[in-house]
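Trainee: I'm new to this structure and would love a close look at one part of it. Could you walk me through the metal site and what lies around it, starting wherever you like?

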Amino acid sequence: MNHLPRKDHHESGKRPGGTFILAAALWVLLPLLATVSLSGEPKNVAKRYRNEPIRPIPAIVDVDRRKAALGRRLFHDPRLSHDNTVSCARCHPLKRGGTDGLPRSVGIKGTLGDINTPTVLNSSLNIAQFWDGRAATLEEQIDGPVHNPKEMGSNWKEIVSKLSRDKEYHRLFEELYDTGINAANIKDAIATFERTLLTPDSRFDRFLHGDEQAITDDEKKGYLLFKSYGCASCHQGMAVGGNMYEKMGIVQGYFAERGNITRADYGRFNVTGLKEHRFEFKVPGLRNVELTAPYFHDGAVPTLEEAVSKMAYYQLGREIPPRDRDLIVKFLKTLTGRLPETSP
Ligand code: HEC
Ligand code: HEC
């Protein structure tokens with residue numbers, strides 16, 4: 001396997017004395033670290049794949065299952081919207097990979113949104129929520145759709161009053177939270193549910209765990225190309241993305257070529273106001289990407305093939321030959337994991 005320089009790698013070998021002592025210390029410490037697993041990673045990553053830019057998703061999430069079940073119910077409840085027509089699941093249907101397949105979603109009163117809906121699957125792995133990272137946590141994120149007039153157009157007072165009239169909710173909240181039904185507890189339950197929406201056990205993860213047969217030779221070639229083209233410098237970690245902000249159109253001007261620039265296109269700039277953050281987005285995770293078309297923040301790209309060609313061109317300045325593109329697409333399809341149970 002060829003490796004890309006990763007941003008979190010430290011330079012080594014500059015001071016031979018220090019390196020020796022460090023090496024000696026590691027020799028003693030490594031077996032200990034391997035059993036402790038500092039980063040919470042699964043311990044069973046095959047030794048030869050421990051330095052790969054992509055990490056497997058853990059199979060078990062440690063959350064309060066009863067709160068998660070309540071969160072699942074709230075996630076599917078249209079009473080969180082002003083006119084009781086739109087639930088979180090409307091735009092993030094779990095059966096379809098956690099997103100609705102539209103370039104832009106439709107909220108209450110048939111209103112069209114401003115930006116493509118990202119998946120909720122694996123969103124707990126992101127550094128922050130939304131394309132521009134404006135919400136630091138999953139809990140904070142929920143304030144967004146609830147108040148957005150183009151999405152659910154409601155507010156907490158209205159929601160708490162509606163849910164309080166429901167005997168079943170009343171009972172569940174009283175059981176699970178000292179303070180009963182309120183905004184913080186509703187957000188806590190939904191975010192707890194969202195933390196269960198991981199998709200472990202993809203064929204690619206099984207490969208990382210040491211099962212060489214889990215992916216085909218073509219898919220392995222696609223993975224090598226993914227690294228050698230430089231995709232993994234941005235799409236990496238457990239979510240194969242979601243852990244940094246990068247400009248869309250680093251090498252070629254995406255927006256100049258597409259035209260019609262909207263406020264949403266300014267990305268991270270809308271959060272920080274800094275010029276250098278214009279057109280920067282949270283790099284989307286590529287887990288389950290075969291299910292989450294159309295692609296990009298503007299939902300402009302209907303197929304994975306086209307998304308890969310555009311990435312090669314705009315982010316890396318390369319015209320990718322169809323054969324390489326198809327191999328990368330084959331690799332990307334190995335990232336589809338086991339979807340969580342989908343019944344409400
Ligand atoms: C009308 C459609 C719609 C509804 C309803 C909706 N969302 Fe979203 N969701 C979106 C869009 C669009 C974005 C991206 C917005 C942005 O980045 O500015 C998003 C982003 C998110 C994200 C961030 C994902 C990431 O990778 O950054 C999470 C998590 C999320 N929604 C959860 C929820 C929850 C929970 C609810 C219900 C309380 C909900 N959504 C309701 C459309 C919707
Ligand atoms: C410099 C960082 C960077 C590099 C290199 C890069 N990407 Fe991306 N990628 C991004 C960003 C940022 C986005 C979001 C762009 C947008 O929505 O406008 C993205 C979006 C995508 C998407 C769409 C995901 C979605 O859910 O909409 C795919 C697929 C993708 N990249 C694959 C690749 C492949 C394959 C390569 C290598 C050929 C690559 N990327 C190289 C930063 C990068």
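Mentor: Happy to! Let's warm up with one residue, Arg 55, which sits in the loop between helix H1 (16-36) and H2. Please keep in mind that this is a predicted model. Arg 55 counts as buried because its relative accessibility is 10%, under the 20% cut-off for that word. Its side chain reaches the backbone oxygen of Glu 52 at 3.3 Å.

Follow the chain onward to helix H2 (residues 65-75), where the buried residues are Lys 67, Ala 68, Leu 70, Gly 71, Arg 72, Leu 74 and Phe 75. Their cover includes H3, helix H5 (156-164), helix H6 (167-176) and H7. At the start of H2, a side-chain oxygen of Asp 64 comes to within 2.9 Å of the backbone nitrogen of Arg 66.

Now step back for a moment to see the setting. The protein chain has 13 helices and two strands. Of its 344 residues, 47% are buried. Among contacts in the chain with a separation of 6 or more, 67% are between residues 24 or more positions apart. The accessible surface of the chain comes to about 17500 Å², and 55% of that belongs to carbon and sulfur atoms.

With that in mind, here is the metal site you asked about. Which protein atoms hold the iron atom of ligand 2 as donors? They are NE2 of His 235 and SD of Met 311, at 2.1 to 2.2 Å from the iron. These two come from distant parts of the chain, 76 residues apart: His 235 belongs to the loop between helix H9 (217-229) and strand S1 (245-247), while Met 311 belongs to helix H12 (residues 304-316). The arrangement around this iron is octahedral because its six donor atoms subtend angles of 86 to 180°.

Are the two protein donors buried or exposed? His 235 has a relative accessible area of 10%, so it is buried. Met 311, at 22%, is partly exposed.

Let's widen the view to everything around ligand 2. The ligand is surrounded by 21 residues, and the closest are Cys 231, Cys 234, His 235, His 297 and Met 311. H12 gives the most to this shell, with six residues. There are polar contacts to look for as well. A polar side-chain atom of His 235 is 2.9 Å from a nitrogen atom of ligand 2. On the oxygen side, a polar backbone atom of Phe 296 lies 2.8 Å from an oxygen atom of the ligand, and a polar backbone atom of His 297 lies 2.6 Å from an oxygen atom of the ligand.

Finally, let's visit ligand 1. It has 30 residues around it, and Cys 88, Cys 91, His 92, Phe 130 and Lys 282 come nearest. Three polar contacts are worth finding on your screen. In the side chain of Asn 126, an N or O atom is 3.0 Å from an oxygen atom of ligand 1. A backbone N or O atom of Phe 130 is 2.7 Å from an oxygen atom of ligand 1. Gln 141 has a polar side-chain atom 3.0 Å from a nitrogen atom of ligand 1. Helix H3 (88-91), helix H4 (138-147) and helix H7 (183-195) are the elements that give two or more residues to the shell. H4 gives the most, with four residues. You may recall H3 and H7 from earlier, since they are among the elements covering the buried residues of H2.

Conventions
Residues numbered from 1 in each chain as written. Chains lettered and ligands numbered in written order. Predicted model: local features only at pLDDT ≥ 70, side-chain atom pairs only at ≥ 80, totals over all residues. Heavy atoms only, no water. Donors = N, O, S within 2.8 Å, 3.2 Å for Na, K, Ca; no water. Tetrahedral: all angles 85-135°; square planar, octahedral: opposite > 155°, others 65-115°. Buried < 20%, exposed > 50% of the residue type's maximum accessible area, 1.4 Å probe, protein only. Contact = heavy atoms within 4.5 Å. Areas by Shrake-Rupley, 256 points an atom, 1.4 Å probe, with all protein chains shown as cover. Near = heavy atom within 4 Å. Polar contact = N/O pair within 3.5 Å; in protein donor to acceptor, adjacent residues only side chain to side chain.
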